Amino acid sequence: MSRIKEFNLPDLGEGLTEGEILAWLVKVGDVIELNQPIVEVETAKAAVEIPAKWAGQVQAIFHPEGATVEVGTPIIAIDTDPGAGPIEQATDALPAPSAASLAAVEIAPEEGMVEPGLIGGVAPGGRTAVLVGYGPRTTAAKRRPRKGVVPTQAAAVPAQATPAPAPVAPVSPAPAVNGDGRADGPVLAKPPVRKLAKDLGVDLAGLTGSGPLGSITREDVQRAASGTPAAAEPLTVTAPATAAASFGADREQRIPVKGVRKLTAENMSRSAFTAPHVTEFLTVDVTRAMKALDRLRERREWREVRVSPLLLVAKAVLLAVKRHPMVNSTWAGDEIVVKEYVNLGIAAATERGLIVPNIKDAGRLSLRELADAMTALVQTAKAGKTSPADMSGGTLTITNVGVFGVDTGTPILPPGESAILAFGAVREMPWVHKGKVKPRLVTTLGLSFDHRIIDGELGSKFLRDVGDFLADPEAALLAWT
Amino acid sequence: MAKGDPGAAARSRRAAPRSKRAAAAGEPELVQLLTPEGERIESALGPDGTEYRVDFTDEEYRGLYRDLVLVRKLDAEATALQRQGELGLWASLLGQEAAQVGSGRALRPQDMAFPTYREHGVLYCRGIDPIMPLGLFRGVDQGGWDPNEFKFNMYTIVIGAQTLHATGYAMGVAMDGKTGGDDGEAVIAYFGDGATSQGDVNESFVWASVFNAPLVFFCQNNQYAISEPLERQTRVPLYRRAGGFGFPGVRVDGNDVLASYAVTRHALDNARHGQGPSLIEAYTYRMGAHTTSDDPTRYRIASEVEAWQAKDPIARMKAFLTKQQIVDESFFAEVDEQARAESVHLRERVLAMPDPEPVTMFDHVYPNGSPELDEQRTQFSKYLESFEGSAH
């Protein structure tokens, strides 16, 4: 082969079909060694670094960071003998991968090319029949083309040529199905479908199955669920995906649900339908606290530090957790896990969508360390470099909806957490202060908590403490610490 | 093992019983002969009072170091090959080299080993070409070595199932009358901390115990069953479970190749002399992912990994060899060069592995075939031939 070698994205897990380019660790022109990490790729299973398969010089990079790439597609071209002088063929073929390597990606068959029931053939429900498991995506089952030009002929050949009993397509009438397609006896549904129904609050007994033998499919459950009132939108608003929305002729835009959006949707639905949420509100006069912040900014050792009202809220939450440790806990089925450490999540709107990185063991940090950690967290998030480790293990979260100019909301708990605090905008409002109505800086806090763990009394006391700190931080510090 | 190394006593220091030292430090009690800093401990006591020691020549120390480095380098190459799409999957042994090399080198030629899918280090010690497991993980063969020739069974993917095979094999050894002397046979079964929750493993414990099978249960406790931490497997130290089944258990520092050797050798010798089974818990840590299909940063924290980094099995051996002036710098360079060369050679051979014909999957199911399989093979051949570009 030529000295230019193209590296195709491999299947990094077992049976994965695509991966997202997180970061290129090399650029065009770099001279690289064998096994030198060249790119970070995230799949449905893991984010991993891929080592270079050949030593040489990077000739071309075919996909930008953030691109989702199908397994088997070339991602980088490497000149394996850069010392041998210029390449004969003009490089204008790049950065498009060579035709040969693209042809190596097999072509999806025409419908009817593969007979129903056989492996790779069409199974009921639009899925692809496989030996075990729930099979690959239904859209592009890739097969080599069959011999014999006419598709219908090809479909007929193996079924008739084999004397052994042909595989029975599962469209045959099932004995257990009665007239209306409903199964007699117990309801038929696979365990994942039952789980889905349970999560969505759908009673399987009330459904008519459209699957084989009248079994209930995932789609049946989802259809039934969509008939019920939808859950409230999560409060943690994300930035719009893109300003330049492209609408089709029907004036509708279809955005594929994937990546952070998909994860957010899954987490929010799971949380909303498993943890009974209660939300309480408290409006606080934060004028004193804002003045305290100003004084803090004026101190020499704080001059370089980014000091925001959110910092005070974080401090308030951390101090209040010390007084009410149960708030920082997880419902684990038959036990409640109360944590001594607080991994404080900060919901951040990024270009990739909502992410909630957390500050590990934030309760142990001094105010200064907390400020630095929050600045670093936000910068990392905005740069899109938050690692999965930064996002896992959160125990309690703050969502700063005030930056969007709204007063408060009813946030949804991140899965596994028991409390989330919404911090609204700080506004000048008429407020009764020392017996007179005066313009004061006021904000509204919204606390959602998991009612399985936290009773109204505990939630109220916790919220009250956060409010007390924000109303008069100096006094609260003196009283509590 | 060769005796008569006059320097050994001088460069060792006698230590208090391990249990006292460990209790003071808040660390788990374990048998240790080489500290993470590379200090030699002359002997250590097990929970039942057994005194463990090794008496290696300088050459043997060097050999163990070479084993550790080679095994790690070949494993790293296999991981890279998986990331490059040349292997379907790889289960890395990174961090567990000492437990595997120590126990693997403790085996005598007549002893039989039953591995999991991670025992690349033991496989290496048994003299099997290290490319063998790569064929399995590349999906071009079933493993390819002869278990009878090398006394090392095929990799077992099903968690814990090999402990049953090992128990049956060991009971057979005893029934054949091949135990009772220095030349007796012993069997070793490898498994992990996660497998201890399997019924198979617990059944093996029962059978091996009541039939006094010449079997060593060697558990590499690498702290995680994929993502599940040890506290989801057990409330007592794993080695203490042996007591309930009626045989001795001991916990060894699995990152200490010398202690792993000493403890395994002792347990195997007990077994070959007809004194029945025992359990070794090699306390270690999986530095990488469970397999290349998972992301350990999602279930464990970086500080924990760092703490174990400081207990690295190779670093402590290197420190020991250097401090005792058993080797000089050129030795380390020479071992690294050998490891590099062998890994390059391994890569070349993996890339050259031919893809098997699909019909060969019917070949090794039964020793003499079966009419049903023959029929399936015929049908499958016809199916393959129906594609464009097929060979026939």
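These questions concern helix α8 and strand β12 of chain A in a predicted model.

Q: What is the reach of α8(A) from its first C-alpha to its last?
A: Helix α8(A) covers residues 367-382, which is 16 residues. At 1.5 Å a residue, a span of 22 Å is expected, and the helix comes close to that. Its reach is 22 Å.

Q: Why do the buried residues of α8(A) line one face of the helix?
A: The buried residues are A371(A), M374(A) and A381(A). Seen down the helix axis, they line one face because they fall within an arc of 105°. On the other side, E369(A), A376(A) and Q379(A) are exposed. The arc that holds the buried residues of α8(A) is 105°.

Q: Which strands are included in what covers the buried residues of α8(A)?
A: The cover includes a helix, α7 (309-323) of chain A. It also includes strands of chain A, one of which, β12(A), has 6 of its 7 residues buried. The strands included are β12 (344-350), β13 (353-355) and β14 (358-359).

Q: Which strand runs parallel to β12(A), with 4 bridges joining the two?
A: β12(A) is joined to β14(A) by 2 bridges, and these strands run antiparallel. With β13(A) there are 3 bridges, again antiparallel. The parallel pairing places I346(A) opposite I398(A), and its strand spans residues 396-399: β15(A).

Q: What is the bridge partner of A349(A) in β13(A)?
A: β12(A) and β13(A) are joined by a hairpin through 2 residues. The two strands run antiparallel, with 3 bridges between them. In β13(A), the partner of A349(A) is L354(A).

Methods:
Residues are numbered from 1 along each chain as its sequence is written. Chains are lettered from A and ligands numbered from 1 in the order in which they are written. This is a predicted model: local features need pLDDT of at least 70, side-chain atom pairs count only at pLDDT 80 or more; totals for chains, interfaces and linings use all residues. The expected span of a helix is 1.5 Å times one less than its number of residues. A residue is buried if 20 or more other C-beta atoms lie within 10 Å of its own, exposed if 12 or fewer, and partly exposed in between; C-beta atoms are placed from the backbone. The arc is that of the directions from the helix axis to the C-beta atoms. Two residues are in contact if their C-beta atoms, placed from the backbone, lie within 7 Å. Two strands pair if DSSP finds at least two bridges between them.
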